[in-house]
Every structure is written in C-alpha cells, then in structure tokens.
Amino acid sequence: MTSKADFYVLPSSDPDARGRFLCRLVEKIRALGHQLYIQTANESEAKHIDQLLWEYRPEAFIPHQLVGEDLQAGVQIGWDQQRPQHKDVFVNLNLDIPEDALGFDRILEVVVQTEDVLTSTRKNYKLYQSNGIQIDMHDMRPKPKA
C-alpha cells in the first residue's frame, strides 16, 4: 500500500513543462537509489518521455527503457496495463490513476495549469486521501508578495 503521494505543482500551462520537470525529478530520485515507473496515457507519449530522457542534460545519463524491452533499467516507461516488476515509485503522467498504482511505495504527480490535468489531479488527490495516503504538496508557483 502506498505510504506517500507527492504533488509537484508547476506554474506553467505548457504541457511540455511536465516532461522537462520530470527529467530533473527522475535524475534526483534515481540518485537516491529508487526505481521508477512512469505511467503515460499512450505509446506515443511514452516514446516522447523516452526521447526527453535521452536528450536531458548531456552530462546526466539516466538509464531508462519502455516496459517490455529486455533491459532492466531503473526507470521504466509504460502505458495501459503494463507494469514493472518493482513497486517502488509510480510517476503518474496519465490523467487517471490506475487502482494498482496504490500498491507502489510512493506515487508522484506532476501538475501543470491546464484544466484536464487540474481536474484529474484533484480527483486523484481525493482518492489518495480516502485511502489514508500521506500527501505532500510541492507548490512551485510564485508566491504573491505581501
């Protein structure tokens, strides 16, 4: 059962901001020794995230793969019902959170300021809350000056 869900709330309404932030987040979490599974909406989005991770900072190599490839990289990207062998960190880039994601130790949501993403992450927040999961908000939007 998931012990923690983290929401990273970005100020941008640019959907590509999710992918750019995700690369930094993945690098940080991998440096801590965790395995990650990135859930996307479809194969096209999975391949886009795959490409972003390849193009991310030249000095930062992040071994990753699409689920189903024979490699066993610490970062796996999938869609639909595909899942990795581990249950460490589940990164939800899909709008809906699959029920089996609650079996991972930690869930991450990267939120951009678009109506579809905001609506789905509010719904996911309520699901985590109703399942007794500790929720941490990381609001990266600029704070109003007092």
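At what angle do helix 1 and helix 2 pack, and how far apart are their axes? In this predicted model, the angle is about 55 degrees and the axes lie 10 Å apart. These two values are the usual way to set out such a pair: two packed helices are described by the angle between their axes and the distance between the axes.

An angle of about 55 degrees makes helix 1 oblique to helix 2, because angles from 65 to 115 degrees count as roughly perpendicular and those under 35 as roughly parallel. The crossing of the two helices is right-handed. On the helix 1 side, the residues in contact are Asp16, Gly19, Leu22, Cys23 and Val26. They meet His48, Ile49, Leu52 and Leu53 of helix 2. Sorted by class, this contact has 6 nonpolar, 2 polar and 1 charged residues.

The next topic is the pockets. Rolling a probe the size of a water molecule over the atoms shows where empty space is left. The largest pocket has a volume of about 250 Å³. It is lined by 16 residues, and the closest to its centre are Pro15, Asp16, Arg18, Glu45 and Leu93. Helix 1 (15-31), helix 2 (43-55) and helix 3 (115-130) are the elements that each give two or more residues to this lining. By class, the lining of the largest pocket is made up of 8 nonpolar, 4 polar and 4 charged residues. Asp16 thus has two roles in this account: it is among the residues closest to the centre of the largest pocket, and it is one of the helix 1 residues that meet helix 2.

The second largest pocket holds about 150 Å³ of space. Its lining includes Phe7 and Val9, along with Leu118, Thr121, Arg122 and Tyr125. Val111, Gln113, Met137 and Arg141 also line this pocket. Strand 1 (4-9) and helix 3 are the elements that give two or more residues to the lining, and helix 3 gives the most, with 4 residues. The classes here are 6 nonpolar, 2 polar and 2 charged.

One backbone feature remains. Most residues other than glycine have a negative phi. Aspartate 80, although not a glycine, has a positive phi of about 55 degrees. This residue is found in the loop between strand 4 (75-78) and strand 5 (89-92).

Technical notes
Residues are numbered from 1 along each chain as its sequence is written. This is a predicted model: local features need pLDDT of at least 70, side-chain atom pairs count only at pLDDT 80 or more; totals for chains, interfaces and linings use all residues. Side-chain values use heavy atoms; hydrogens and water are left out. On a 1 Å grid over the protein atoms alone, a cavity is a set of points where a 1.4 Å probe fits but cannot get out, and a pocket is an open set with protein on both sides within 12 Å along at least five of seven lines; lining residues have an atom within 4 Å of a point. Grid points are joined across faces, edges and corners, and a volume is the space filled by probe spheres set on the points. Ala, Val, Leu, Ile, Met, Phe, Trp, Tyr, Cys and Pro count as nonpolar, Asp, Glu, Lys and Arg as charged, and the others, Gly among them, as polar. Axes are lines fitted to C-alpha atoms, for helices over the stretch in contact, and angles run from 0 to 180 degrees between N-to-C directions. Angles under 35 degrees count as roughly parallel, over 145 as roughly antiparallel, 65 to 115 as roughly perpendicular and the rest as oblique. A crossing is left-handed if the near helix is turned anticlockwise from the far one by less than a right angle, and right-handed if clockwise. Contact means heavy atoms within 4.5 Å.
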